[in-house]
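Open the model in your viewer and keep the selection tool at hand. The tour below goes from one selection to the next and says what is there.

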Amino acid sequence: MKRARTLVAVGALIALVAIGTGSASATPAPSATSSAAGAAGSGRIVALDGGWQVTLQLAQPLAVRDSAPILAVDGRPVGAARESADHRTLTVVTTDPAVTPTGTVTLWSPNSAGTRHDNAPRSGTSAVAPALPTPTLGTDPGAAGPYAVIQREYDLGDQAIALPGLGGQRSELRGHVYAPVGASGSRPLVIFLHGRHEFCYGPVQIDFNQPWPCPSGDLPIPSYRGYDAPALALASHGNIVVSISADAINAWDWLAIDGGALARAQLVLAHLDLWHQWSTVGGGPFGSDFVGRVDMNNIGLMGHSRGGEGVVRAALLNLARQHPYGVRALVALAPTDFARPTIPGVATSVILPYCDGDVIDLQGQHFYDDTRYSFSTDNVLRSTALVMGANHNFFNSEWTPGLSAAPSNDDWFGDPAEAPCGASSAPRLAPLEQQAAGRAYIAGFLEMVLDRHPALLPMFDGSAARVASAGRAVVDTVAQLPLSARRDLARLDAHSSAVTNTGAATTQVCAGVPAFFSPPAGGLPLCSDTFDSSQTPHWTQAYLAPDDPTTAVTRLRWNGPSGRLIVALPDGKRDLRGFQALTARMAPDPAFTNPVDVTFRLVDGAGHTGDVPSSNVSDALTPLPGIGFGLPKTILREVRAPLSSFNNVNLADIRTVMIVTNRVASGSIFVSDLTLARASSYGQSAPIDAPRLSIADVQTIEGGPGPHTLRFHVTMSRASTRTVRVFVDAGSFNFGPSSVARRLVLLPGQTSANVAVTYQGNTRDGPDLQLPVVLATPSEAILDHSIATGTVLDDDPSPTVTITNGSGVEGDGTFVHFALQLSAPSDNFVEVVAQPKSGTAVLGQDIGADEIVFGYVAPGDTVGSLDIPIIDDHVHEGTETFTATLLGAFGAQVVGTPTATGTIFDND
């Protein structure tokens, strides 16, 4: 095992060899199917100790997308893949027992196994979720505000800053500024960060060994200029908006274990540092123009796709600073969530496009789910907004055909005519319609929090109010109100003595669906075994923490009208007069095809009851639309029953809250978060004082055969008076079968703990083992350095390689085959470099004209081949010979005679 890929040379001829230039086109025109480019590549499955290395070699570079590529074996997803520098080789290591060495390797998509997920729509299902009457607000954040807007730009160069995780590469510092004209005083600052997209365009080839800066003749794709709609709206209402460029990260983030999240976070903080300087002492490109005009204690962040995960990480890293900036609002737009951090203390909105063809599983839902109860004094508003008919790309005009400077495409590539997501179907939003919805909900949330604008709360608090500027977009919002504005009656994510069921109802706490990468963790039954997580955002696995249990809910099933889920209210908690609504999150169970409905019931001390049917106040139990490609989704939506609608009960003395199954004869639903809501509020959003969790890298020498232990050290920045919990996982692409998946508990006063990881040593040469260990979903703490790498340095010698004489018969598509023999099997992919020389067989006439050729021995094998093509000249002639000389090898030492003779037998 060698820590660098080193060519072991034979003689001086190695100076003639040029290897690995890896160039490809600059992606001048991504097509509608470019996301699956190269799926018809060649796959290979090689046995490792206790697992399998699965590799797919693509014919074309994989398109740059935000979601992690997933490999499948025989149609079964086995893990998120690491990409090679040229984006043509994808690699996963898995312990999935279903994998066999003869399996077929493909790039996975929800339909790659040949299924359409045709969950039959129930009665009443339409192409767009049917909306009950909702109020339209008079205040519209998408409409132009009172200020004119000036736009400016700064550019400190393509390689202005080094960022972590990118192999020492440097990034641009470039931003587009939208500022209100004539606004007095210090104004809120908002940073926009785009996601992962192609980074250069033009006619020149990209050298994948040095993809950034763009080659001369090409231009950077201006993704950062694609958010004019929300930026202009925010600036016209008095906010300063800066949209920043991250093309260099998009060029290099294949090197980063976390997909570039840390690099993007540090880029955001670097821009905040610039604005701190420019707003206090001035200088830079703007002189004194912004001195005294920027409020660095009132900051909002918006990130799109991997940029969404980046701004979440930025908000967390900001808290580790001695003097953190005042990050108070965060919008994650169609975000990835590879590592499942929590983000307490910052008002957060997660915008989820229903027709997302890139982050198809809407994994950003976890930012909301995981943070809900993660910190006991958290007092902020968090919300999700499900935008029907919206895809991933079109929130950014630079990712939208007809509007972008560079070529762009629609990321949804299902049937164009199939509702609700097909490009030509009626429910699908046109690009400008989608950007109008994005403008309203991005600008609206940030303006509401930063400008303290309570009139906008009904857009985000689950009340389902809309604004005219959002047009015909159907947007379904869910909210967890601040702690001061709610009372949690039953979380319904664990068994509780306060929750019972009677009559024809049964309840069961469940989590997850059939897992892609590993068996589900958490000890709970699956919520369903009939659909996968591309349809279920609450239950999708994070590729860096695939074993971390997903969102737990209660499944309520019934076969008659007498069923009841009952929550008993304790003494002192029975007066509901200070509350406005009873709320819950609900979704129909797709395993049942009949329409479902239930009743909310309050029972007072005198036995009087008041009922409100769910269908009277919410569409949450109406199935969401679509078939095929990741549809329909099953998403918990909000049911909000005003307490004023519960007639004939004494709200000062409510003894029980029930969900009653008296609306339909039988059914099954998922229920979560039964809550009482006071008047809506955005709470107290400010940098939270929480202990920070970190895990440190570790390195060791492999050692001999048998089990060995790596010990990772987890530390906390200070002791806590509360019990701190954090999930520890080894990621989905670790090189070894050992799993460390468990919930780590730090008791009050405890500030450190160790995590032991077992690996198997051997006597074979191979790559250094890189084992990422991840901290995820903390409670009563936040994450700081949350990903560590355990490195096991191989101490086994490289094998030797020899070449034997070869032969072949002239014909169409035939080769002279030289056998390569290793002295021992290796876990490395051994590559030899050889130079053929003419004899009686002449290069370019009898054999291929290449002066340098390559041969290979696969991991685990001891015999490989070097094949040189024979040219069929259709001329009768005698037997001909030539020689092939080994110049060197990667992963092996050349020994013996490095020259072999190749013989061609004539067939004419």
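A charge counts as sitting over a ring if NZ of Lys or CZ of Arg is within 6 Å of the ring centre and within 35 degrees of the ring normal. With that in mind, note that this is a predicted model, and begin with Arg722 and Phe375.

**Stop 1: Arg722**

Select Phe375 together with Arg722: Arg722 lies over the face of the Phe375 ring, at 5.7 Å from the ring centre. Now add Glu780, which forms a salt bridge with Arg722, with the closest N and O atoms 3.9 Å apart. This pair joins distant parts of the chain, 58 residues apart. Glu780 is in the loop between strand E41 (769–779) and strand E42 (782–783), while Arg722 is in the loop between strand E37 (706–716) and strand E38 (724–729). Are the two partners buried or exposed? Glu780 is buried, with a relative accessible area of 12%, and Arg722 is partly exposed at 31%.

**Stop 2: other salt bridges**

Side chains of opposite charge can pair when their charged atoms come close. The structure has 34 salt bridges by the rule used here.

Select Arg321 and Asp273, whose closest N and O atoms are 2.6 Å apart in a salt bridge. Here too the pair links distant parts of the chain: Asp273 belongs to helix H3 (residues 261–280), and Arg321 to the loop between helix H4 (306–319) and strand E20 (327–333), 48 residues apart. Arg321 is partly exposed at 27% relative accessible area, and Asp273 is partly exposed at 31%.

Next, select Arg486 and Asp488, which meet in a salt bridge of 2.8 Å, N to O. Arg486 is buried, because its relative accessible area is 9% and buried means under 20%. Asp488, at 30%, is partly exposed.

To see a salt-bridge network, select Glu83, Arg196, Asp253, Arg264 and Arg306, which are linked in one.

**Stop 3: aromatic rings**

A pair of aromatic rings is described by the distance of the centres and the angle of the planes. There are 15 aromatic pairs in the structure. In one of them, the ring centres of Trp275 and Phe290 are 4.9 Å apart and the planes stand at 80°, so the pair is edge-to-face. Trp275 is in helix H3 and Phe290 in the loop between H3 and strand E19 (294–304), 15 residues apart. Trp275 is buried, with a relative accessible area of 0%, and Phe290 is buried with 2%.

Move on to Phe818 and Phe882: the ring centres are 5.9 Å apart and the planes are at 80°, so this pair is edge-to-face. Phe818 is in strand E46 (residues 815–822) and Phe882 in strand E50 (residues 880–890), 64 residues apart. Phe818 is buried at 0% relative accessible area, and Phe882 is buried at 1%.

Then return to Trp275 and extend the selection: Tyr154, Trp275, Trp278, Phe286 and Phe290 form one aromatic cluster.

**Stop 4: Phe192**

Finish at Phe192, in strand E14 (residues 187–193). How much of Phe192 is accessible? Its relative accessible area is 0%, so Phe192 is buried. Which residues does Phe192 touch, leaving out those up to four places away in sequence? They are Tyr227, Pro230, Ala231, Leu234, Val241, Val242, Ser243, Ile244, Met302, Ile442 and Leu446. As a last selection, take the C-alpha atoms of Phe192 and Arg225, which are separated by 9.9 Å and lie 33 residues apart along the chain.

Methods. Residues are numbered from 1 along each chain as its sequence is written. This is a predicted model: local features need pLDDT of at least 70, side-chain atom pairs count only at pLDDT 80 or more; totals for chains, interfaces and linings use all residues. Side-chain values use heavy atoms; hydrogens and water are left out. Helices (H or I, at least four residues) and strands (E, at least two) are DSSP runs, numbered from the N terminus. Buried means under 20% relative accessible area, exposed over 50%, partly exposed in between (1.4 Å probe, protein chains only). Contact means heavy atoms within 4.5 Å. A salt bridge is a side-chain nitrogen of Lys or Arg within 4 Å of a carboxyl oxygen of Asp or Glu. Rings of Phe, Tyr and Trp (its six-membered ring) pair if their centres lie within 6.5 Å; planes under 30 degrees apart count as stacked, over 60 as edge-to-face and the rest as tilted.
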